[in-house]
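Here's a quick briefing for anyone meeting this structure for the first time. Have a look at the sequence and the 3D view, then read on.

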Amino acid sequence: MWVVADEVYAGLSFEAPHHSIAALPGMAERTLTLGSLSKSHAMAGWRLGWAAGPRPLIQHMGTLALCMLYGIPGFIQQAALLALQDYDAFVEPVRALYQRRRDLAHSLLSGVDGLQCPLPEAGMFLLLDVRGCGLEAGDFAWKLFEATGVSVLDAAAFGPTAAGFIRLGLVVDDERLAEACRRIARFAGQLRAAAPRQKESA
């Protein structure tokens with residue numbers, strides 16, 4: 001049995017350090033670890049990542065990549081080399097930035113009636129369960145944008161367990177993020193206030 005471990009957020013873990021499953025006893029020979037600089041170094045548009053695993057599997061992947069991709073532009077390879085040579089110096093300020101924004105967004109949204117706001121343990125996104133507001137996540141996202149100008153993503157695209165959630169990116173400055181959260185909170189409050197009237201009219 002193989003394990004494919006997506007560890008692109010390894011450097012952006014907040015309270016608890018990341019532990020790679022490949023480092024556990026007996027797992028190195030059966031684990032394919034995927035990495036990327038897209039999140040940790042804000043290189044999302046450069047489409048560079050890697051896989052680390054047992055040599056025979058990586059050799060097959062190399063052949064497949066050669067047929068499908070041929071190669072990555074040289075300047076992107078040079079940027080990745082620099083990023084990896086001084087990984088912590090680049091990643092730690094980014095990790096601290098996202099943790100601060102996570103705490104800011106969570107403090108503004110966690111007590112809002114109709115919303116459930118789990119505290120993310122890593123990464124650059126926050127998921128909000130909006131089912132308590134009486135709308136599907138997709139409808140919530142569109143109506144939120146139309147009413148307030150705040151753009152979020154229906155998280156259902158990430159699988160059944162994310163249905164009912166919207167994804168908020170922690171990718172703008174603190175002031176804009178705080179204002180977006182306040183608008184989301186007001187919008188949720190308006191939906192909750194309108195819910196009894198909708199039931200009565202039905």
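What follows starts with the whole chain and then goes through its parts by topic.

This is a predicted model, in which local features need pLDDT of at least 70 and side-chain atom pairs count only at pLDDT 80 or more, while totals for chains, interfaces and linings use all residues. Residues are numbered from 1 along each chain as its sequence is written, and side-chain values use heavy atoms, with hydrogens and water left out.

**The whole chain**

- The protein chain has five helices and six strands; helices (H or I, at least four residues) and strands (E, at least two) are DSSP runs, numbered from the N terminus.
- Going along the sequence, you meet them in the pattern β-β-β-α-α-α-β-α-β-β-α.
- Put a box around the C-alpha atoms along the principal axes and you get roughly 65 × 35 × 35 Å.
- Of the 202 residues, 35% count as buried; here buried means under 20% relative accessible area, exposed means over 50%, and partly exposed is in between (1.4 Å probe, protein chains only).
- Among contacts with a separation of 6 or more, 63% are between residues 24 or more positions apart, a contact being heavy atoms within 4.5 Å.

**Strands β1, β2 and β3**

- Strand β2 (residues 31–36) is mostly covered, with five of its six residues buried.
- β2 pairs with strand β1 (residues 3–6) in the parallel sense over four bridges; two strands count as paired if DSSP finds at least two bridges between them.
- In that pairing, D6 stands opposite L34 in β2.
- β2 is also joined to strand β3 (residues 49–52) by four bridges, and these two run antiparallel.
- Here S36 stands opposite G49 in β3.
- T33 lies in β2 and is buried, with a relative accessible area of 14%.
- Leaving aside residues up to four places away in sequence, T33 touches A5, E7, S20, A22, W50, A51 and A52.

**The loop between β2 and β3**

- A42 is found in this loop between β2 and β3, and its phi is positive, about 55°, although A42 is not a glycine.
- A42 is exposed, with a relative accessible area of 67%.
- R47 also has its place in the loop between β2 and β3, and R47 too has a positive phi of about 55° without being a glycine.
- R47 is exposed as well, at a relative accessible area of 67%.

**Helices α1 and α2**

- The 14 residues of α1 should span 20 Å at 1.5 Å a residue, and its end C-alpha atoms are indeed 20 Å apart; the expected span is 1.5 Å times one less than the number of residues.
- α1 is hardly covered: the count of buried residues among its 14 is zero.
- Just after α1, Y70 takes a positive phi of about 70°.
- Helix α2 (residues 74–85) has twelve residues and reaches 17 Å from its first C-alpha to its last, close to the expected 16 Å.
- Which residues of α2 are buried? They are I76, A80 and A83.
- Seen down the axis of α2, these buried residues fall within an arc of 60°, so they line one face of the helix; the arc is that of the directions from the helix axis to the C-beta atoms.
- On the other side of α2, F75, Q78 and Q85 are exposed.
- What covers the buried residues of α2 includes α3 (87–109).

**The largest pocket**

- The largest pocket has a volume of about 660 Å³. A pocket is an open set of points on a 1 Å grid over the protein atoms alone, where a 1.4 Å probe fits, with protein on both sides within 12 Å along at least five of seven lines; lining residues have an atom within 4 Å of a point.
- Of its 23 lining residues, L48, G49, W50, A51 and L69 are the closest to the centre.
- β2, β3 and α1 (55–68) are the elements that give two or more residues to the lining, and α1 gives the most, with seven.

**The β4-β6-β5 sheet**

- Three strands form an open sheet in the order β4-β6-β5, with antiparallel pairing.
- The edge strands are β4 (125–129) and β5 (153–154), each pairing on one side only.
- β4 and strand β6 (residues 165–169) pair over five bridges, with F125 opposite G169 in β6.

Key:
Points joined across faces, edges and corners; volume = space filled by probe spheres on them.
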